[in-house]
Amino acid sequence: MKYLLLFLGFTFASATLADDGMAILQKRCANCHDLSGPAAQSVQALWQRKGPDLFYAGSKYNREWLEKWLVKPRRIRPAGYHYIQHIKPGKKRDMIDAATLTPHPVLSSDKAEDVAEALMKLKAPAEMMGAAAFKGGSISVSFGEMVFDKFNGCMACHEIEPGYGGLSGPEVYTAAKRYQADYLVSFISSPQAWNPKTPMPNKHVAEPNIQKIVQYLQALAKENWDEKK
Amino acid sequence: MRKNKLFPAFFMMLLIFSTAAWPDDAEDNYKNYCWQCHGMSGDGMGLNVQDMSVQPRDHTSAKAMGGRSDADLFKVIKEGGLAIDKSVLMPPWGDSLSDDEIHDLVKYLRKLCQCG
């Protein structure tokens with residue numbers, strides 16, 4: 001009986017946290033993030049969205065990272081969510097127009113916990129996730145970099161360490177901290193299943209190499225990048 | 001009776017059109033997918049070029065683009081650089097763009113280079 005009461009109490013507390021979190025999401029986040037889907041179906045519609053879709057957040061993000069990041073948000077995409085809206089012509093190449101970038105709102109740790117609870121309940125439809133799954137295993141950073149950069153050219157758009165790599169996509173050296181491994185496998189195997197108009201191409205990476213790329217991202221995420229910056 | 005039979009079909013059509021990605025015009029597609037490497041003006045000096053081992057092609061150069069047939073341009077956009085023995089850094093966009101959208105992009109490239 002005692003355990004049943006404890007279980008019910010925990011379930012109730014969890015439901016309450018999620019309810020509070022959803023209220024915060026609706027009030028403070030829905031202006032920039034889509035919470036109900038579907039993904040944008042045209043390029044113009046995508047550009048209207050000010051931040052990443054969150055209607056599948058519970059299948060994408062690691063909760064622990066979400067809670068920490070919402071309290072102390074830090075830019076993940078050097079050129080913002082849509083790079084085309086935050087660049088300007090430079091002398092040698094197009095440059096990031098920092099004046100157009102706005103910081104993400106900060107939440108208190110209590111609110112961050114509520115919001116993370118609510119976000120984790122927003123699961124992706126089965127057809128988005130597909131059958132992709134991370135199979136575990138590990139790889140050295142040097143071999144992983146060969147698969148990621150030399151064989152597949154992913155560094156063209158992604159930084160593999162602070163200040164090194166492409167700037168239009170999100171940094172990848174913290175990707176495994178942010179994202180669930182199964183999501184990474186699924187997204188790399190078909191970015192368009194998640195976001196039909198994403199500027200990330202489907203490079204048709206062979207499945208074993210997708211596993212290696214996720215292993216590489218996990219190896220990268222073990223580095224203490226904050227200390228190295 | 002006829003009206004009742006058409007009703008489910010009408011809703012099916014609505015469902016199909018509400019979930020299928022729409023075609024976009026060439027200028028929007030060029031901005032969304034190509035600017036990041038080929039640049040806002042198409043000169044190959046995009047945001048990402050600093051650490052690239054191979055520089056993206058200058059789409060405004062008649063010299064650089066004139067030697068490529070429309071079929072080659074279609075193939076490289078759809079299947080990526082490796083498909084025409086060029087760099088892996090040029091990705092395949094066949095899952096992002098329909099064949100019609102790629103044909104439109106080839107025409108757009110011809111305007112940028114004023115060639116072909």
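Select A:Arg49 first: at a relative accessible area of 17%, this residue is buried. The model on screen is a predicted one. Now add A:Asp53, whose side chain meets that of A:Arg49 in a salt bridge, 3.1 Å from N to O. A:Asp53 is buried too, with a relative accessible area of 4%.

Zoom out to chain A. Its secondary structure consists of 12 helices and four strands. Of the 229 residues in chain A, 51% are buried. If you draw the contacts within chain A between residues at least 6 apart in sequence, 67% of them join residues at least 24 apart.

Next, select A:Glu117 and A:Lys121. Their side chains form a salt bridge with an N to O distance of 3.7 Å. The two ends differ in class: A:Glu117 counts as buried at 9% relative accessibility, while A:Lys121 counts as partly exposed at 48%.

Move to chain B and select B:Arg110 with B:Asp70. This is another side-chain salt bridge, 2.8 Å from N to O. B:Arg110 belongs to helix α5 of chain B and B:Asp70 to helix α4 (residues 70–79) of chain B, so the pair ties together parts 40 residues apart in sequence. B:Arg110 is buried, with a relative accessible area of 12%, and B:Asp70 is partly exposed, at 43%. Back in chain A, salt bridges with shared partners link A:Arg63, A:Glu67, A:Glu117 and A:Lys121 into one network. Over all chains, a search of the whole structure gives 16 salt bridges.

Return to chain B and show helix α2 (residues 26–38) and helix α5 (residues 99–113) as cartoons. The axes of these two helices come within 9 Å and cross at roughly 85°. An angle from 65 to 115 degrees counts as roughly perpendicular, and α2(B) and α5(B) are therefore roughly perpendicular to each other. To see the contact itself, turn on side chains. From α2(B) the participants are B:Ala26, B:Glu27, B:Asn29 and B:Tyr30; from α5(B) they are B:Glu101, B:Asp104, B:Leu105, B:Tyr108, B:Leu109 and B:Leu112. Sorted by class, this contact comprises six nonpolar, one polar and three charged residues.

Stay on α5 of chain B and pick B:Asp100, which is placed in that helix. With 57% relative accessibility, B:Asp100 counts as exposed. Put a distance label between the C-alpha atoms of B:Asp100 and B:Ala26: they are separated by 9.9 Å, and the two residues are 74 apart along the chain.

Now display both chains and look at the interface. Here 32 residues of chain B are in contact with 40 residues of chain A. Interface size is often given as the accessible area lost when the parts come together. Chain B and chain A bury about 2,900 Å² between them, with 53% of it on carbon and sulfur atoms.

How many salt bridges does the rule find across the interface of chain B and chain A? There are two. To view a salt bridge between the chains, select A:Lys197 and B:Asp24, whose closest N and O atoms are 2.8 Å apart.

For the last stop, keep A:Lys197 and B:Asp24 visible and add A:Ser42. A:Ser42 sits in the loop between α1 (2–29) and α2 (43–48) of chain A. Is A:Ser42 buried or exposed? Its relative accessible area is 11%, so A:Ser42 is buried. Apart from neighbours within four places in sequence, A:Ser42 is in contact with A:Lys197, B:Trp22 and B:Asp24.

How values were computed
Residues are numbered from 1 along each chain as its sequence is written. Chains are lettered from A and ligands numbered from 1 in the order in which they are written. This is a predicted model: local features need pLDDT of at least 70, side-chain atom pairs count only at pLDDT 80 or more; totals for chains, interfaces and linings use all residues. Side-chain values use heavy atoms; hydrogens and water are left out. Axes are lines fitted to C-alpha atoms, for helices over the stretch in contact, and angles run from 0 to 180 degrees between N-to-C directions. Angles under 35 degrees count as roughly parallel, over 145 as roughly antiparallel, 65 to 115 as roughly perpendicular and the rest as oblique. Contact means heavy atoms within 4.5 Å. Ala, Val, Leu, Ile, Met, Phe, Trp, Tyr, Cys and Pro count as nonpolar, Asp, Glu, Lys and Arg as charged, and the others, Gly among them, as polar. Buried means under 20% relative accessible area, exposed over 50%, partly exposed in between (1.4 Å probe, protein chains only). Buried area is the accessible area (1.4 Å probe) that two parts lose on being put together, summed over both. A salt bridge is a side-chain nitrogen of Lys or Arg within 4 Å of a carboxyl oxygen of Asp or Glu.
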